[in-house]
Amino acid sequence: MHYFVTTLMSLLLFISCNSQPAKSHTVLPLSTDLEYAGLHIDSLLTSYAWYGRLSGTVLVMHKDEVVYHNSFGWADIDKQLPNTNESVYGVGSFTKTFTSAAILKLVQEKKISTADSLYHFFPGLGESARNITIHHLLSMSSGIYEDFSRSKTYDYESIVFPQPEPISTHQLVHYFGELTSDETPGKKFDYSNINYIILAAIIEQVSSQDYGDFLRENFFDALAMQSSAFGADNVSEGLLAQAYVGMPDQHNTPEYWHDSWLKGAGGNFASAVEVYRWMHAIHQKQVLDSIHTQKLFQKHSNTGREHYGYGWEIGKRKGNTYLYHEGGMPGYVCEAGFFPELDLYVVVLTNHTHNLREVGKSVLLNHQINREIQNILFDQPYNKLPLPQASHAIGLEGTLTIGGFEYTMSQQEEKVRFLAHENGPSFMDIAFEQDLTEDSRRFKKVQKLAEAFGNEDFKYVHRRGELAMRLLLSAKTLRQMWGELTGDKGEFLSYNFYAIPTEKYPNHYRMRLIHANKEIGLLLILDKRGRIEGLHIDQRFSYNGPKEVTGTIIHDSLIFIDGFKYGNSDARMVKTNGKWQLEMLGREYDVVQNEEVSVNE
């Protein structure tokens, strides 16, 4: 799937009207010393693996030459088998690149046309299918709403998930009955897995072959992709990297579903080398002729910041064209793409996602790793996670006051423990306890918005929205979406602002809404007139973190707190000119060591 539980993972609450196409950037040249770049990539990935954030295989290729190829983590934790460069992973929605190529191969052979109506193949899908063409399915512009892993009511319980029992292609296509279309076909982009499930069914109907057999006969065998297959059951024994979920130190087996439920949209498996071979073959026009290869990468749909072709996302990285697709499902995350003008390929495949219901965090982690790799490849600064050095003498222990709250700190070898005192917030929640103010008329308006959200006065919220938001969403819709996303909050008690505008983010306000049953972090983005331009649940927000948190001593002037394992942002305690400070979420807090040690166990 594109993402797992599309609505929940995007963390988009209502709307972001500022999602205009990204500004063009200066075209950066590729590094002239790729061997040296490979050493930096290894240093980067080793740091992520050390903290348990990377389990998988990474491959970087340039003009048939290996820049970097290495594997981390476990393929089978029970058997103590590590991942290798030959390990095979689920590639999730990267499967769509195979499906789109298969469709265009049938088009190239004049067996079908992208203008053919869906109704022609499956009249049982109803009248809505008459105006939907193969082009609309390929470009994600069909307007079909029905889909797996998506809920129209924004709540987790109403989402339809794939099942563990196999399903036939005919049953799969007709699973939702007659289709409904939210939009006129071709009007706008709307990522929906059902588009590619239907395309797989068209492939089977036209070719009289099973989808997986068609891929093998037409693509895999010709390109020496012998370990690639549709469905985990078809991967050769000993090659499959087992799927795991849980935090970095956990290796739980995700709930099983049968790959037949995702046919065409997901369910393919491949090694990193074979993903590269696939992209390289497409780029070299070994899969389709020039005309139909070009169709794959035309900007058929505007996704907001980038474009969608036929099974490929089309964007810019470092000013260069970047063609890619990502995928995520419990246990597997993939991002693979290439820079056509540079003949440069990057593949990141992983087999450990870190929260069953929020695979999106692992998808974002994969994005982050990929971005850092690309920074290295283009000689840009990159950020790796700090690893412990020899010195562990920090001279800091006892009762500390940080951000106005007390913590007891104790050291054991290269680790330190921070224990929150009674009624104090978790060490990971310090940043969200701040009560920041701003001396401006705009801030007073934002305070009224915080009160409106707390009291669910969405008529006021709606009036304060930018024109586009008011046109797209009514006050009633805002209320419905808010209620379904936030659930039973209980009585509204109070609010505070834990982030206000900065030079980097001049229009961003982050507010904490405190209710009897739960707390909510909300990001407001305002336009220059003070109207609501963007509105998001703050995915970094935390209010009930662990009372005890451990950090790693990197050297005598740096302690790194691995927030990822707690579901939070990372933090650092840094000693400068003899004074310690906590750095968290872009803010700094003085660390005061109290003379008397008071321990609260």
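**Exercise 1. A pair of strands**

Over how many bridges do strand β13 and strand β14 pair, and in which sense?

*Solution.* This is a predicted model, where local features need pLDDT of at least 70, side-chain atom pairs count only at pLDDT 80 or more, and totals for chains, interfaces and linings use all residues. Residues are numbered from 1 along each chain as its sequence is written, and side-chain values use heavy atoms, with hydrogens and water left out.

Step 1. Find the strands: β13 covers residues 320-329 and β14 covers residues 332-339. Strands (E, at least two residues) and helices (H or I, at least four) are DSSP runs, numbered from the N terminus.

Step 2. Apply the pairing rule: DSSP must find at least two bridges between two strands. β13 and β14 have 7 bridges, in the antiparallel sense.

Step 3. Pick out one spot. G327 stands opposite C334 in β14.

**Exercise 2. The sheet and its helices**

Give the strand order of the sheet, name its edge strands, and place helices α2 and α9.

*Solution.* Step 1. Read the order: β3-β2-β15-β14-β13-β12-β11-β10. These 8 strands form an open sheet with antiparallel pairing.

Step 2. Look at the edges. β3 (65-72) and β10 (301-302) each have a single partner strand, so one side of each is left without a neighbour in the sheet.

Step 3. Add α2 (residues 34-50). This helix lies across β2 (56-62) and β3, running at about 15° to β3. Axes are lines fitted to C-alpha atoms, for helices over the stretch in contact; angles run from 0 to 180 degrees between N-to-C directions.

Step 4. Add α9 (residues 272-283). Helix α9 packs on the sheet and touches β2, β3, β14 and β15 (344-350). Contact means heavy atoms within 4.5 Å. The direction of α9 makes about 145° with that of β15.

**Exercise 3. Charged partners**

Which residues form salt bridges with E456, and how far apart in sequence are the partners?

*Solution.* Step 1. Recall the principle. Side chains of opposite charge can pair when their charged atoms come close. A salt bridge needs a side-chain nitrogen of Lys or Arg within 4 Å of a carboxyl oxygen of Asp or Glu. The structure holds 17 of them.

Step 2. Take R479. Its side chain meets that of E456 at 3.6 Å, N to O. R479 sits in helix α15 (residues 475-486), and E456 in the loop between α12 (441-454) and α13 (458-463), 23 residues apart.

Step 3. Take K489. Its closest N and O atoms with E456 are 2.9 Å apart. K489 lies in the loop between α15 and β20 (492-499), so this pair ties together parts that are 33 residues apart in sequence.

Step 4. Check accessibility. Buried means under 20% relative accessible area, exposed over 50%, partly exposed in between (1.4 Å probe, protein chains only). K489 counts as buried because its value is 5%. E456 has 24%, so E456 counts as partly exposed. R479 has 41% and is also partly exposed.

**Exercise 4. The length of a helix**

Test whether the span of α12 agrees with expectation, then list its buried residues.

*Solution.* Step 1. The expected span is 1.5 Å times one less than the number of residues.

Step 2. α12 has 14 residues, so the helix should span 20 Å. Its end C-alpha atoms are 20 Å apart, which agrees.

Step 3. The buried residues of α12 are F443, V446, L449, A450, A452, F453 and G454.

Step 4. Look past the end. E456 follows α12 and has a positive phi, near 55°.
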